[in-house]
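Dear colleague,

Please find below the structure that I am handing over to you. My findings follow it.

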Amino acid sequence: MQPESCHAANSMPCASSNDLQMNALMALLVVVFVLSKVTQDEGTAEFWIILMPGLTYAIGCANARKKQAELRLTLARDMRESGMPESALGAFEDMVKQGLTPDEPAFNRAICACARLGRVDRALQVREQMSLYGFSPSGEAVVAMIRACAAAGRVGEALDIFEECDQPGYLAHRDAIHCYIEAERLGRAVILHKEMADSDMLPCAKTFQRLTCAVQEQGWTEIAAELSEGFSGWVKRTGALADDTSDASTHISENMGEVHSQ
């Protein structure tokens with residue numbers, strides 16, 4: 001049995017159509033019933049009596065679908081319009097309690113809300129749940145989970161999320177480099193930095209500086225020189241630098257530092 005989805009835009013017309021069909025059928029059978037009484041046709045009356053339970057059930061199902069569609073529409077709107085992670089997550093939990101299956105955007109909003117609230121375990125649970133319905137976390141949700149795990153000192157899990165992502169974006173790459181450095185997996189961090197350059201993603205000065213310092217501390221002077229040369233060419237090629245103040249990814253190392261100091 002396929003789970004119901006909370007695609008509100010598609011649910012409402014369907015429910016309304018079913019409701020209209022049931023109402024029309026009900027009206028038709030009422031006419032038949034009245035005619036059977038007028039004409040004293042016992043066969044038709046018996047047919048009506050047999051059909052009535054099934055008709056009542058069908059009408060009840062149609063009305064239930066309509067109510068579910070209205071509820072999905074309300075909860076989906078609440079999640080979409082809420083600027084507070086607590087409200088968005090609350091709407092998601094209400095949707096699940098009502099037995100409604102969230103759609104992919106709802107799952108992703110819930111993951112982001114959990115991450116912003118520091119509820120890492122719940123975010124990972126929602127990620128597992130959405131995979132059961134064939135959904136995948138969006139780029140924003142992946143970044144949110146990586147940052148939440150890293151900020152909680154769960155760097156290994158942050159890297160697992162990155163490595164399991166089919167097409168990690170620019171921010172996910174940046175965050176993963178910081179996590180690899182924190183996990184003392186410098187070789188992987190260097191490779192990932194080169195992959196970013198080869199893909200012509202925007203270069204990040206702060207990520208480059210931290211990686212270069214970590215490499216130099218290990219005495220990898222040749223690799224440090226290669227990183228410097230490659231970064232210069234990267235900047236010239238793209239003609240721009242990422243805005244280090246535009247998002248939280250460039251501060252991921254500071255967040256992890258705060259975790260270690262507690």
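A contact here means heavy atoms within 4.5 Å. On that basis, residues 24 or more positions apart account for 66% of the contacts in the protein with a separation of 6 or more. Please bear in mind that this is a predicted model.

Overall composition

The protein has 12 helices and 0 strands. Read from the N terminus on, its elements run α-α-α-α-α-α-α-α-α-α-α-α. Of its 262 residues, 38% count as buried.

The annotated repeat

The UniProt record, an unreviewed entry, places the feature "repeat: PPR" at residues 103-137. In the model, the chain over residues 103-137 is 74% helix and 0% strand, and the C-alpha atoms at the two ends of this stretch are 12 Å apart.

One residue that I examined there is N108, which is found in helix α4 (residues 104-116). Is N108 buried or exposed? Its relative accessibility is 9%, and because buried means under 20%, N108 counts as buried. Leaving aside residues up to four places away in sequence, N108 touches M130, S136, P137, S138 and A141.

The packing of α9 and α11

Further along the chain, helix α9 (residues 186-198) packs with helix α11 (residues 221-238) at an angle of about 20°, and their axes are 10 Å apart. Angles under 35 degrees count as roughly parallel, so α9 is roughly parallel to α11. The crossing of these two helices is left-handed.

Which residues make the contact between them? On the α9 side they are V190, H193, M196 and A197; on the α11 side they are I223, L227, F231, W234 and R237. By type, the residues of this contact divide into 7 nonpolar, 1 polar and 1 charged.

H193 at the helix contact

H193 lies in helix α9 and belongs to the contact with α11 just described. With a relative accessibility of 5%, H193 also falls under the 20% limit and therefore counts as buried. Again not counting residues up to four places away in sequence, H193 touches L227, F231 and W234, which are among the α11 residues of the helix contact. H193 further touches I177, T207, F208 and L211.

In short, the two residues that I followed individually, N108 and H193, are found in helices α4 and α9 respectively. N108 counts as buried, and H193 likewise counts as buried.

With kind regards

Definitions and conventions: Residues are numbered from 1 along each chain as its sequence is written. This is a predicted model: local features need pLDDT of at least 70, side-chain atom pairs count only at pLDDT 80 or more; totals for chains, interfaces and linings use all residues. Side-chain values use heavy atoms; hydrogens and water are left out. UniProt positions are given in the numbering used here, feature names are shortened, and annotations may be inferred rather than shown by experiment. Helices (H or I, at least four residues) and strands (E, at least two) are DSSP runs, numbered from the N terminus. Buried means under 20% relative accessible area, exposed over 50%, partly exposed in between (1.4 Å probe, protein chains only). Axes are lines fitted to C-alpha atoms, for helices over the stretch in contact, and angles run from 0 to 180 degrees between N-to-C directions. Angles under 35 degrees count as roughly parallel, over 145 as roughly antiparallel, 65 to 115 as roughly perpendicular and the rest as oblique. A crossing is left-handed if the near helix is turned anticlockwise from the far one by less than a right angle, and right-handed if clockwise. Ala, Val, Leu, Ile, Met, Phe, Trp, Tyr, Cys and Pro count as nonpolar, Asp, Glu, Lys and Arg as charged, and the others, Gly among them, as polar.
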